[in-house]
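Q: Please take a close look at one part of this structure, the helix nearest the start of the chain, and set it in the context of the whole.

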Amino acid sequence: MTKPWLEDAASLIESFRSGDNSPLEEAQAVFDAIKSSELNAFSYIDEENALNQAKKADISLPLGGVPIAVKELHNVEGWPDTSASLVFADRVSRFDGTMIERLKAAGANLIGLTTASEFGGLNCSTTKLNGVTHNPWNHELTPGGSSGGSAAAVAGGIVTLGTGGDGGGSIRIPAGFCGLVGMKGTAGRIPRGPHTGIGPLTVVSGCLSRSVRDTARWYDVCAGFDPRDPYSLPKEQGWEAQLGATDLSGARVVVSPDLGSALISDAVREKVLQAAATIIEIAGLHQVDVDINLPPIDWEWAIANQAGLYKELGDRWPDCEDDMTKSIAFGMRMGLKRYNLDIAARVEEGRTAANERMADIFDQTDFIICASNPDIAFPAHIESNTRVDGKKAPAGNNGALTIPANISGNPAISVPAGLVDGMPVGVQIIGIQHSDRAILDLAHLWEKSSPWPLVAE
């Protein structure tokens, strides 16, 4: 039985064009791997259609014939639209999302849906609908969330690319846990929609990949203005072609492994400091000392997202509570108990304060280097990690490193920084809004100097 491609997507396309491989062979290998996998990374596959698409793939296109997994919170017409919840187990999507339309136009072969956390609300991918999804580096541990199924499928050697969405770290967290590249672009870089609510403007779409150049190619395909998202940004050309072109010498950088507030493990801290020292040296950066001191924002972030979930559930709530993940249902109950106009005002005050503080920091630096996660991946059957190095972690600790960039819209990327106890650690680079190319180039330099395993070892 032929195994799926174990390098990156760009090299897979090269193999198609050279005749060493074919889209049909690769698609069949992917489906064989899914059926034999114990990761539980997929909740739905569209084998017949994908094999038919593979037979007529146009390999001249940027993603021509490449099998791509789709996070189950993304819309593909005719596929399940469950939001990873029993509540919507029978719902079917009536349309393609904008990013999905662009992937199809670029020749991508969409093979199925990957598991996620319920409504994208947790840092694991364990639900009542799909069960437990496992980390390919250690099946006892979580791949993270909410894009955990995509991360498990890519790191597990099943597909070279999977879609992801990041509303509070849902691309970067699983990228860090699984040893992948995960980028959250500037808010609006990849348009949302169609039929997407305007607020709270924290969620962006992207991918889980094995290489920085694959992520750059994804932006070539998917980024650019769409009128259905009035906050989307104009299209820029040459993300992959111009990779490495940014002059980074002398740019300012702050190294803050814990981002000023998170409780992180000593081993993760050491890995981030080692990676940061190398990045600073090879890029010629100038390290500066800036007090990060970000205000706590986890409660405001949760309330803003619960308001959107309450709207989606409609009159199904509260009868659907028993069908939901315990943490999501509890958050709904507490949010509704406390939510009123005064609370709404305080939420916006908190979000504004966080954005102002982030802007103040970036008046004094060009980049922040920190950890992607407080620790290595936690057990797959629990909903969050409550202890770090034997210490009780504060509420919101799991997202303390990632949520700030969602609130402010800053671009941020997680790339592998080595292993702790045999599990990947991610280093995160955060830049000022619209500096997406610069953080990609920093990640590219780091990748060239310290190559990482492309799949779990």
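A: The chain has 13 helices and 15 strands, where helices (H or I, at least four residues) and strands (E, at least two) are DSSP runs numbered from the N terminus. The model is predicted, so local features need pLDDT of at least 70 and side-chain atom pairs count only at pLDDT 80 or more, whereas totals for chains, interfaces and linings use all residues. Residues are numbered from 1 along each chain as its sequence is written, and side-chain values use heavy atoms, with hydrogens and water left out.

As for the whole, a compact globule of 457 residues would have a radius of gyration near 23 Å, and the 20 Å of the chain agrees with this; the radius is taken over C-alpha atoms, and the globule rule is 2.2 Å times the number of residues to the power 0.38. The C-alpha trace spans about 55 × 55 × 45 Å along its principal axes. Of the 457 residues, 59% count as buried, meaning under 20% relative accessible area, while exposed means over 50% and partly exposed lies in between (1.4 Å probe, protein chains only). Among contacts (heavy atoms within 4.5 Å) between residues at least 6 apart in sequence, 77% join residues at least 24 apart.

Helix 1 comprises residues 9-18, and because 7 of its 10 residues are buried, helix 1 is largely enclosed by the rest of the structure. The buried residues are A9, A10, S11, L12, I13, S15 and F16. Their cover includes helix 2, strand 2 (67-71), strand 6 (161-166) and helix 7 (212-222). Just after helix 1, G19 takes a positive phi of about 85°.

Helix 3 (residues 47-55) may be set beside it. In helix 3, A50, L51 and A54 are buried. They cover an arc of only 100° around the axis, which puts them on the same side of helix 3; the arc is that of the directions from the helix axis to the C-beta atoms. On the other side of helix 3, E48 and K55 are exposed. The buried residues of helix 3 pack against helix 2 (23-36) and strand 3 (109-114). Helix 2 is thus a partner of the buried residues of helix 1 and of those of helix 3.

A loop residue completes the picture. G188 lies between strand 7 (181-184) and strand 8 (204-209), and counts as buried at 11% relative accessibility. Leaving aside neighbours within four places in sequence, G188 is in contact with Y231, S232 and L233.
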